[in-house]
Amino acid sequence: MDELNALFGGFAVALSAYHILLMVIGITLGVVIGVLPGLGGANGVAILLPLTFTMPPTSAIILLTSIYWGALFGGAITSILFNIPGEPWSVATTFDGHPMAQNGKADEALVGAFTASFVGAIFAVCLITFLAPVVAKFALKFGPAEFFAVQFLTFASFIGMGRGSPFKTIASMCLGFALASVGLDGVTGTLRMTFGQDELLNGFKFLVAVIGLFGIGEILCSMEDGLKFNGAAAKLRMDAVIRTWKQLPGMWLTFLRSCIVGCWMGITPGGATPASFMGYGIAKRLSKRGDNFGKGELEGVVAPETAAHAAGTAALLPMLTLGIPGSPTAAVLLGGLLIWGLQPGPLLFVEQKDFVWGLIASMYLGNVVGLIMVLTCVPFFAAILRVPFSIIAPAIVFVCAIGAYTVNNAMFDVWMMLVFGVLGYLFNKLRYPLPPLVLALVLGDQAESSFRQAMLVSQGNVGVFWSNWLCGGIMTLGLVMAFWPALQALRAKLSSNHAVARAA
């Protein structure tokens, strides 16, 4: 009951005319960002974050999360209409979405994708509503050792659950730790890796790094690929909406499975992209129409979109309750909270109740507003794809430069943004993952601080991380996740040897 009363108070905050207007603006910007393959949810939030510095924190977070919801919705538009994934997690949507469009069912595919996105997000928001206060109260018992254990588990999850090479993930993460350590050491007061640059005394600005890594890096890759848009007009007929909605209740098991997979991948954090592929794969394996997947099956659109949106929304749960972002966008939002003077974690639910519950209420409202907007504005957003990329790219770079400059009103930050942009481009070309680097850049300081505090309390005894069942359990799980790729490789080798022995 306490949670429901707090939620009603949050609706009173979120339902103001000003906040509804911010939702509409944010979702509009987010859909545009989701439609443009050169951008994305994390990129858009990072680029527009400086615009919120003068706003109250509640209004700012409502605007930024609305941009995120819009980007999640928008990624499906290009996937279905043009076979161009607007977001990484929209790749799985192209498998059946574009064939449906080619078969004259673009409107049905879009309605299915938007509705599935809405269901996945609302499921995750309900989970946040009832689970976040419990997690926050439980987290009040955490000390430095427990916080480091959680942070270690977060880093290890990227290694154990990543789809790419674990060595590349570790290398990316280590670079993030190195960048996070630049500047003045808060414990000893010594300078670390500033190389005589006064501008680096406070370390690399998180916002500058993210704008460069995501915004500029993606633009450079898109320019190299010579990206061109060749799209056709899209319409949404009311009879198609009704016809599609009549089919969706029969897919309730697919919705439920994808919601559970998405929430798990969002909290752990696996991410929206693996969640979408996992949701699609499970649906294809278990569906009665699995053989038709890849040929234009509506269920093949519903499954990945539900999982991706559930994961993208659920990633905010560990960010709010533990200060641990579950996705790159959550990491950007975490940076925004710190800039506004708010410390994510269990005390946030005690000291900033209006902010937290206003945010949660806005998640419900934002997704409702987003669903209505995307269902009515698809032709307009599709028209954006006819703008020559030679015009879009410079506009995006200009916005990125302004966003970086406004951090400290210094050209040094603009140059650093370009350096990070080249770094992001190289990471993309060499297929090194960026999320581990961003996570380490955001959490590196906090993880180092928690570790050093735990060492001071225990007088250098590493056993403090196994001093109680909670901390020991989290650390053990983290070690399992960290060595999971090695365990899988060993298991595969033993199976291969066993098969050879049986054949002989």
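This is a guided tour of one predicted model, going from the whole chain to selected residues.

Because the model is predicted, local features are given only at pLDDT of at least 70 and side-chain atom pairs only at pLDDT 80 or more, while totals for chains, interfaces and linings use all residues. Residues are numbered from 1 along each chain as its sequence is written, and side-chain values use heavy atoms, with hydrogens and water left out.

**The whole chain**

Begin with the full chain in cartoon view, where the secondary structure comes to 22 helices and 2 strands; helices (H or I, at least four residues) and strands (E, at least two) are DSSP runs, numbered from the N terminus. Colouring by accessibility will show that buried residues make up 56% of the 504 residues, where buried means under 20% relative accessible area, exposed over 50%, and partly exposed in between, with a 1.4 Å probe and protein chains only. Of the contacts (heavy atoms within 4.5 Å) with a separation of 6 or more, 77% are between residues 24 or more positions apart.

**Helix α8**

Next select residues 166–180, which form helix α8 with its 15 residues. From its first C-alpha to its last the helix reaches 21 Å, close to the 21 Å expected at 1.5 Å a residue, the expected span being 1.5 Å times one less than the number of residues. Show the side chains of T169, S172, M173, L179 and A180, which together with G176 are the buried residues of α8. Seen down the axis, these buried residues fall within an arc of 115 degrees, so they line one face of the helix; the arc is that of the directions from the helix axis to the C-beta atoms. Then add S165, which caps the N-terminal end of α8 with a side-chain oxygen 3.2 Å from the backbone nitrogen of F167.

**T306 in helix α13**

Move on to residues 298–314, helix α13, and pick out T306 within that helix. T306 is buried, with a relative accessible area of 0%, and the side chain of T306 reaches the backbone oxygen of V302 at 2.7 Å. Leaving aside residues up to four places away in sequence, T306 touches A116, G120, F255, S258 and C259.

**The cysteines**

C259 leads on to the sulfur atoms: the structure holds 0 disulfides, a disulfide being a pair of cysteine sulfur atoms within 2.5 Å. Select C263, whose sulfur is 6.3 Å from the closest cysteine sulfur, in C259, and therefore too far for a bond; C263 is buried, at 5% relative accessible area. For C126, the closest cysteine sulfur is that of C263, 9.6 Å away, which is again too far for a bond, and C126 counts as partly exposed at 31% relative accessibility.

**The salt bridges**

Finish with the charged side chains, where the count comes to 2 salt bridges, each a side-chain nitrogen of Lys or Arg within 4 Å of a carboxyl oxygen of Asp or Glu. Select R192 and E448, whose side chains meet in a salt bridge at 2.8 Å, N to O. This pair links distant parts of the chain, with R192 in strand β2 (residues 191–192) and E448 in helix α20 (residues 435–458), 256 residues apart. E448 is partly exposed, at 24% relative accessibility.

Now add R452, whose side chain meets that of E448 in a salt bridge, also 2.8 Å from N to O. Being 4 residues apart in helix α20, E448 and R452 are separated by about one helical turn. R452 is partly exposed, with a relative accessible area of 22%. Shown together, R192, E448 and R452 are joined into one network by salt bridges that share partners.

Terms used: A polar contact is a pair of N or O atoms within 3.5 Å; within protein, one must be able to donate a hydrogen and the other to accept it, and residues adjacent in sequence count only if both atoms are side-chain atoms.
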